[in-house]
Amino acid sequence: MAERLLLRARRGGPGTRAVSLHGRRLQRVPRGLASLPGLRALSLRDNELRGLPVELGGLSRLKELNLGNNIFEEVPEQLKYLSSLQKLHLFGNKITTISPAIFDGLEKLILLNLNNNKLKYLPPEIHRLENLKNMNLNNNQLESIPKELCSLQKLSELHLSHNCLITVPEEIGYMTNLRMLCLSRNQIGVLPDMEDLMLMELYCEDNPLLQKQPLSAIQEEEVWSLKEIVARFIFSQLTKEDSILHTSVKQNLEACNILSKKQECAQCGQGFLNIWLECVRFVNVRQKMKISKNVHLLPVRTLLCSYKCFNHPGHGVFGIAVP
Ligand SMILES: [Zn+2]
């Protein structure tokens, strides 16, 4: 049946632009597709495919490929040869892994739909999809997302609902074109600072987001390690232009390494190494963007250097109480 349909398409000649073979219980891709070099769109969704033939990589003009609702267990590596591909649908498969080699190609990809799969992690090489605007990863098993994903500067929609995320990388604040971020149904307690983003829609219902319920607490001063004391001294010296430390630090690779882990106090700006007080600010983003209905104030991660800064009046920063 499928072969016959394909024959009809081929009779249309090598100029055939679209082929749809969905819902035909195909267990393999019909032979001969590669002899349709003019093909722009191919739908093979709702079948029983688990692999692709090598010759499919010859469809150099293919712009849209729908492989949704099949039984792929990984993203087929041949896809990297589809040099014109802009839209790739792989929703509703059984995909657990993506090989980093895929990202040797697919440089024109604009839309990647991997909803409803079994992905646990994404390779950092994902940042090579430089033209990606829309990424759909709803309903997977992602426990984290690589910070490299945040360098996708054209990304405007990121769908991550119904995963197992505990945190979102701080670097998400650099995604200047992001307009829609969906984080519903995860395990996120605190969000990174996203105030510089131009987000228009943010969805984060069904997360254990920290509540603003002030409690009194005992403040236990901690003894700093020698490393911490020295690091704080160096950080404060480095803010002075004439410090001789500038050159000596630059010449010491190990010191550079350690000092590159610098965090900054949200109150006084002092640099420090170990998170001394991890706090939250509650931000009301409702006026700025469309947001989940039952979320009013969002807890945003904030770091402070000391109790001195914590006790400074008027900063609106709260410590986190462990139940
Ligand atoms: Zn401080």
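This passage describes the overall dimensions and the strand pairing of a predicted model.

Let us begin with the chain as a whole. Its secondary structure comprises five helices and 15 strands. Along the principal axes, the C-alpha atoms occupy a box of roughly 80 × 50 × 30 Å. The radius of gyration is 25 Å, whereas a compact globule of 323 residues would have a value near 20 Å. Of the 323 residues in the chain, 28% are buried. Among contacts with a separation of 6 or more, 35% join residues that are 24 or more positions apart.

A helpful place to turn next is the parallel sheet. This open sheet is built from 10 strands, and their order is β1-β2-β3-β4-β5-β6-β7-β8-β9-β13. The edges are taken by β1 (18-20) and β13 (290-291); each has a single partner strand, so one side of each lacks a neighbour in the sheet. Within this order, β3 (residues 64-66) and β4 (residues 87-89) are joined by three bridges in the parallel sense. For readers following along in the structure, N66 has H89 of β4 as its bridge partner.

Antiparallel pairing is found around β12. This strand (residues 277-284) pairs with β14 (residues 297-304) through eight bridges in the antiparallel sense, and C279 has T302 in β14 as its bridge partner. Strand β12 also pairs with β15 (residues 317-319), again in the antiparallel sense, over three bridges. Here R281 is matched with V317 of β15 as its bridge partner.

Notes. Residues are numbered from 1 along each chain as its sequence is written. This is a predicted model: local features need pLDDT of at least 70, side-chain atom pairs count only at pLDDT 80 or more; totals for chains, interfaces and linings use all residues. Two strands pair if DSSP finds at least two bridges between them. Helices (H or I, at least four residues) and strands (E, at least two) are DSSP runs, numbered from the N terminus. The radius of gyration is taken over C-alpha atoms; the globule rule is 2.2 Å times the number of residues to the power 0.38. A residue is buried if 20 or more other C-beta atoms lie within 10 Å of its own, exposed if 12 or fewer, and partly exposed in between; C-beta atoms are placed from the backbone. Two residues are in contact if their C-beta atoms, placed from the backbone, lie within 7 Å.
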